[in-house]
Amino acid sequence: MLVDLAGGWNPMWGRLAWSQIPYDNPILAPLFVAVVVGAILVLGLITYYGKWTYLWKEWLTTVDHKKLGVMYILIGLVMLFRGFIDGLMIRTQQAWAVGAHSSGVFGATHGYLTPFHFGQIYSAHGVIMILLAATPLLVGFMNIIVPIQIGARDMAYPYLNALGLWLTAAAGALIMISLFVGDFAHNGWFGYAPIFELQYSPGVGVDYWIWTMELVALGTTLGGINILATIIKMRAPGMTWGRLPIFVWATLSANVIALTSFPALQVALALIAADRYLGAHFFTAGLGGNLMLYTNLFWIWGHPEVYFVILPAFGMMSEIFPTFSEKPLFGYITMVLASMAIAGVSWLVWLHHFFTMGAGPYVNSAFSVATMLVGIPTGVKVFNWAFTMYRGRLTFNTAMLWAIGALFLLLIGGLTGMMLAVPAINYMVHNSVFVVAHFHTMLLVIVYAIFASVIYWFPKVFGFKLDEFWAKTMFWLFSAGTVLVFVPMYMLGFMGMTRRLDYVFNTVWHPYLLVMEFGIAVYMLSVLAFVALLYVSIRDHAKNQVGADAWGTSRSLEWLTHSPVPFYNFAVLPHISARDEVAWRRDNGIDHVQPDHYEDIHMPNNTGVAIILGGLTFVLGFALVWRIWWLCALSLLAIVALVIYRSFKGDPGYIITAAEVEKMEKEALRREAQISK
Amino acid sequence: MSSHASNVDPKTAELWDKSHYQHDVISTRTFGYFMYLLSDGMLFATLFAAYGVLSYQHSYFGGPTPADFVKPWYTFAQTMALFLSVLAYGLGMNALKHKNKSGVINGLLAALVLGVLFLALDIHDMTHLASLGISVATSGGVSAFIVLTQVHATHVFFGLIWILVMMAQVLTKGFTTEVVGRLLTLRMFWHLQAIIWVFVYVFVYLWGYMS
């Protein structure tokens, strides 16, 4: 039943062979050495300082939603950097390989990347940026903030939460290992039928792509269930729907999308796997396969996914604007309705990714109108933010700068999106870099909102603020990079430059490509500024300590508890009386009132099962990629056995006694009193 | 009036929870599981969509179509096995209400046996197809037919493992909150497989047989 492979295969090692390690590649081989040296260095340092027990007990086996969130964000930042390096390589190739007389090195006729290698880089860039950078970063913030904002001690299912993190980590590891063992897909991040079929892509690249995305999809679906159940079932007394912080609403709408849309991606990819592993004919050319079935299935997930990542970003902006305008959010209810409307319409627009399929004027018009409808709730949001700032007492803190930057990018991205929603225009610019510039502008809205949130919520998680000077430096460098890279890209799109060119034939475009290359260099400076920001902030952390309400103008419930948040979140669960509870307490002078007595708190135990399951899933993915069947069976069996073992063992949790809580609370209050002096 | 204004008087407001507020463990569990089942439903919806697109005449590429190899009465026997399995599970849950351990075990055992019967009939059917030379590699239409039905069968297979685990847990642990919660979620899962099967039987087997 399994397909016959053209290349070598043996029962022990599957398709693995020494020739699959690209030791002769002049770019990958030095990188591999650097990674190995770096890994030995890090592991050595951990051993030298004797931190393994700490790491295992406090981080790797934790079920604490805040620590899991921090680890999600760390994975997201590492993958964001990897994706950025991919972007830098793409830009460098396009700035270099222009015109017939451009030079070529490392085996490439033009530039320094062969077409096959270039194809892998842009495919990995897309997968990483959307599924392994933006998604974990946003999920990380949801994880940290949502339970505190609704007054819960943890997520509804803390163990499942840890499992979601380790599945995401396994996916990240799988895509990283594809750099050094075998190759990655060259079919673009969303794949095209039938190029991903075994006949046309006989290597393991497409398999890496399939199983990486499957793992992220599984992790995100489980995470979505967890967050939805948390919001619906775990709210503190008095936290009615009308009092829910707006970021929670945004998270809710986003995860309704995640829950319903990710299964479609899982099926689409599983059907490619059926084609490639079992010889099925879902998307083959001939024998009854249907090429456009794949494109439809993929974008039925793909477009909702776009709103899955943008809605939390909108939620973050909706928290930051009121805090630094010292005003309540304008139009709370319309904001909620707009989020839900965007989540609903997200299901009706997928075909605008391929108007050129030739579905005919009626289908295209329907999807065109549906796409334009998205502009209405989004417009409502933009006006709400503008009216929030209108006549407010504005503080141009770096978080606020990032949020305002996001607002401007949303305008540009939204308006170019409206242009692309018109099929007549879409036919002209289809697959041009105009489209690329459009969706990068939209994804940069998310990146801006994420960096705004890093600045905004950092003191809540770690108890001290980030350095303002380096934060501002990073912001301005990043924004300069954005303008320098994407304004020329819009222009090139209108000039007819198509996307994914490993060789640019038209020398007229060269100056624009050089400006973009310069922009990438400026982005690189902003990355360095970010490193400096972290270094300086951690060095000076004693100077920048904060109390519970880090900004003094904060509004929602997470600012009621101490910074850094104790592992039990609230010593006594708060009773909610108002929307913007903290602002309400502050305005009425009761924000320093502490509970008069403490009670026992029941908390879940740490578990090593989640990280082991993540590791086994990685092994399963790797074995599937290389078709090592015995290892697939073994890891699958181990996974099932471990799940059953965990269900027998259960977790009774443990009790923190009232006296212990009181001791910890007194210590936290003493610390806060010192800071305010 | 700012939007966060509340009609609660701040002087007398209750600021901290005094009601010993507890989240209902079983309700949180079953609700989350229900959402998982929704996502599972979306998974099947996508597979049905793929089957719909790949069930035109040209999808079979001149090869065999379900009309050639589907036996409606054979599949009806499968239907009955699965439905009776769900009924047996429901009777077991009825015994749970009376904390009747042997009743629960008997219900689960009957559900297990009938589920195994369903799966055995399915495997027999698939080996029969294979002996005719019909496999996923035959044509796009047959790929969709086999993958959709076998994804359902895989769900049933994992459900059977789960039933076995629950029998062991009822016997060793008794009716703890965790075990009762799992019995309820398994009931939801088992019902969903039967509901999905209704669609598989009607739209894949019967419709395929008729067309």
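## Nonpolar cores

The largest nonpolar core (buried Ala, Val, Leu, Ile, Met, Phe, Trp, Tyr and Cys residues joined through side-chain atoms within 4.5 Å; buried means under 20% relative accessible area with a 1.4 Å probe, protein chains only) has 288 residues, and A:Trp209, A:Phe283, A:Trp385 and B:Leu183 have the most contacts inside it. Helix α14 (residues 433–462) of chain A supplies the largest share of this core, 21 residues; helices are DSSP runs of H or I, at least four residues, numbered from the N terminus. Domain 1 (1–289) and domain 2 (313–559) of chain A each give at least three residues to this core, the bounds coming from an automatic or database domain assignment.

A second, separate core has seven residues, among them A:Met89, A:Tyr112, A:Ile121 and A:Tyr122.

## Basis

This is a predicted model, in which local features need pLDDT of at least 70 and side-chain atom pairs count only at pLDDT 80 or more, while totals for chains, interfaces and linings use all residues. Residues are numbered from 1 along each chain as its sequence is written, chains are lettered from A in the order in which they are written, and side-chain values use heavy atoms, without hydrogens and water.

## Largest cavity

The largest cavity (a set of points on a 1 Å grid over the protein atoms alone where a 1.4 Å probe fits but cannot get out) holds about 140 Å³ of space. Its lining has 17 residues, with A:Ile246, A:Ser318, A:Glu319, A:Leu329 and A:Asp580 nearest the centre. Because domain 1 (1–289) and domain 2 (313–559) of chain A both contribute to the lining, this cavity lies between them.

Conventions: On a 1 Å grid over the protein atoms alone, a cavity is a set of points where a 1.4 Å probe fits but cannot get out, and a pocket is an open set with protein on both sides within 12 Å along at least five of seven lines; lining residues have an atom within 4 Å of a point. Grid points are joined across faces, edges and corners, and a volume is the space filled by probe spheres set on the points. Buried means under 20% relative accessible area, exposed over 50%, partly exposed in between (1.4 Å probe, protein chains only). Helices (H or I, at least four residues) and strands (E, at least two) are DSSP runs, numbered from the N terminus.
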